[in-house]
Amino acid sequence: MESAAETAEAEKEVAAEKEVAAAGGGVEDKYGEDRATEELPVTPWAFSVASGYTLLRDPHHNKGLAFTERERDAHYLRGLLPPGVVSQDLQVKKIMHNLRQYKVPLQRYVAMMDLQERNERLFYKLLIDNVEELLPVVYTPTVGEACQKYGSIFRRPQGLYVSLRDKGKVIDVLRNWPERNIQVIVVTDGERILGLGDLGCQGMGIPVGKLSLYTALGGVRPSACLPITIDVGTNNEQLLNDEFYIGLRQRRATGEEYHELMEEFMDAVKQIYGEKVLIQFEDFANHNAFDLLAKYSKSHLVFNDDIQGTASVVLAGLLSSLKVVGGTLAEHTYLFLGAGEAGTGIAELIALEISKQTNAPIEECRKKVFLVDSKGLIVSSRKNSLQPFKTSWAHEREPVTTLLDAIKSIRPTVLIGTSGVGRAFTKEVIEAMASFNERPVIFSLSNPTSHSECTAEEAYKWTQRVVQCLPAEVRLTLWSMMERFVCLARQTMLIFSLDLALVL
């Protein structure tokens, strides 16, 4: 039989083990940093990076050759690195040189993602110092191709995957993420990735890319960002038959099954990360995007980039364009090609701003805005067949089926493309806008770039608003500048003044 002393000693050991486990796997919590989450079990493989070989393979703390002699001694790195000490600035110079050798944009994307996975600090310094050149690499347009080929280029997970197989235990999936102080979650279900359609689980490239912009452009700590993909299947036959596809091989779940998983996910997020965490819905299909935003805006801090973020950017561009074309928002007439999340979101924000400026009812302000979808101009005679989010834009007008006819009928001063249909702003469309506008305002916003309605060069050429006496190299430089502006505007989705708005 055990003596009382042996029993007491055993109880002490058990208590000590519990204390160590609660502190995060073997490190005493001297500063109380784990108090807010001590009720949550810590995964058995979680540990604190201290030094040595493990430190060099932790992307959050690794500095590579930038570790100084003193740091190498302090962190037991002596011998694990070549003797040379290379500054971050010199490393950035070397990597930019290497990136520029790649001729294929997807190769640059893969190289950037590899860097992010091994040296996070260097990745963000590289991105911040070369933001204009590298934004098209880490986000649109290259991220579109990356999502299409995500199964082939997948190396290691960069976010969380919540699938139908996790139903009933979503909270356990969230607990597997090593960070607890999450401020921003970007989540997608992959059903409407950019203008590319249903990419299922491979849509993860979008939350990963968008959150890299939160850090590089918004200053949010990388550890406070969490990309998530909700995998409920895909209706993309090509992916279902692709041997490299990384998601569920089944048709996309809908209805009650879909909404039950989303509700469990939203409840789990609030339980794990609290009420202040921002949940950004990204690239959900129209039939889910509006419903999710309406449902959870009452209980969670939610934001839909496609409905609200794009609208903020475009309104900023419109306000800047007024400095050139003159007048107020209320004095212009707006025509959209595309009546999805982006189109209706922008239209609603324009109407709200007009209402704010004029004190007119929102219903009256909406009459300045017209939308064209795949079936033609949205008018009152189509009201019974329209999706709910389009009905506000069904005005009393004669129906027309083409964009060109709509332009001739409405005579808009502002033309905005959110259709995802490449080159939909044809020469005839642009010339029609220029025929009754001294300076038409044209925003071609669909992405990736291959799906944009027109290029800046085409818009200038067809409206003949570029002074022809300018040397050819000057005109090409101007076109190139405008192309870069449009590309950056589509990518950042930040609220800022677009002083270089495309005003012709």
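This report describes the overall make-up of a predicted protein model, then one helix pair, one buried residue and several salt bridges.

**Overall make-up**

The protein contains 21 helices and 10 strands. Of its 504 residues, 51% are buried. Among contacts with a separation of 6 or more, 68% join residues that are 24 or more positions apart. The exposed surface of the protein comes to about 24500 Å², and 53% of that surface is supplied by carbon and sulfur atoms.

**Helices H6 and H11**

One pair of packed helices is formed by H6, which covers residues 120-129, and H11, which covers residues 205-218. Their axes lie 10 Å apart and meet at an angle of about 75°. Angles of 65 to 115 degrees count as roughly perpendicular, so H6 and H11 are roughly perpendicular to each other. On the H6 side, the contact is made by Phe123, Tyr124, Leu127 and Ile128. On the H11 side, Leu211, Ser212, Thr215 and Ala216 take part. Sorted by type, the residues of this contact are 6 nonpolar and 2 polar, with no charged residue.

**Val414 and its surroundings**

Val414 belongs to strand S9, which covers residues 414-417. Is Val414 buried or exposed? Its relative accessibility is 2%, and buried means under 20%, so Val414 counts as buried. Leaving aside residues up to four places away in sequence, Val414 touches Leu318, His332, Thr333, Tyr334, Leu335, Met433 and Val441. One of these, Leu318, is 96 residues away from Val414 along the chain, yet the C-alpha atoms of the two residues are separated by 8.8 Å.

**Salt bridges**

How many salt bridges does a search of the whole structure find? The search finds 27 salt bridges. Three of the pairs are listed here with the distance between nitrogen and oxygen.

| Residue | Partner | N to O distance |
|---|---|---|
| Arg78 | Asp73 | 2.9 Å |
| Glu364 | Lys367 | 3.2 Å |
| Glu431 | Lys427 | 2.5 Å |

The residues of these pairs can also be described by their accessibility. In the pair of Arg78 and Asp73, Arg78 has a relative accessibility of 49% and counts as partly exposed. Asp73, at 47% relative accessibility, counts as partly exposed too.

In the pair of Glu364 and Lys367, the side chains meet in the salt bridge. Glu364 has a relative accessible area of 44% and is partly exposed, and Lys367 is partly exposed with a relative accessible area of 47%.

The pair of Glu431 and Lys427 can be placed within a helix. Where do Glu431 and Lys427 lie? Both are in helix H19, which covers residues 427-436. They are 4 residues apart, about one turn of the helix. Glu431 has a relative accessible area of 32%, which makes this residue partly exposed. For Lys427 the relative accessible area is 38%, and this residue is likewise partly exposed.

Salt bridges also link residues into a network. Which residues are linked with Arg252 in a network of salt bridges? The network joins Arg252 with Asp189, Glu191 and Asp198.

Notes
Residues numbered from 1 in each chain as written. Predicted model: local features only at pLDDT ≥ 70, side-chain atom pairs only at ≥ 80, totals over all residues. Heavy atoms only, no water. Helix = DSSP H or I, 4+ residues; strand = E, 2+ residues; numbered from the N terminus. Buried < 20%, exposed > 50% of the residue type's maximum accessible area, 1.4 Å probe, protein only. Contact = heavy atoms within 4.5 Å. Areas by Shrake-Rupley, 256 points an atom, 1.4 Å probe, with all protein chains shown as cover. Axes fitted to C-alpha atoms, helices over the stretch in contact; angles between N-to-C directions. Parallel < 35°, antiparallel > 145°, perpendicular 65-115°, else oblique. Nonpolar A, V, L, I, M, F, W, Y, C, P; charged D, E, K, R; others polar. Salt bridge = Lys/Arg side-chain N within 4 Å of Asp/Glu carboxyl O.
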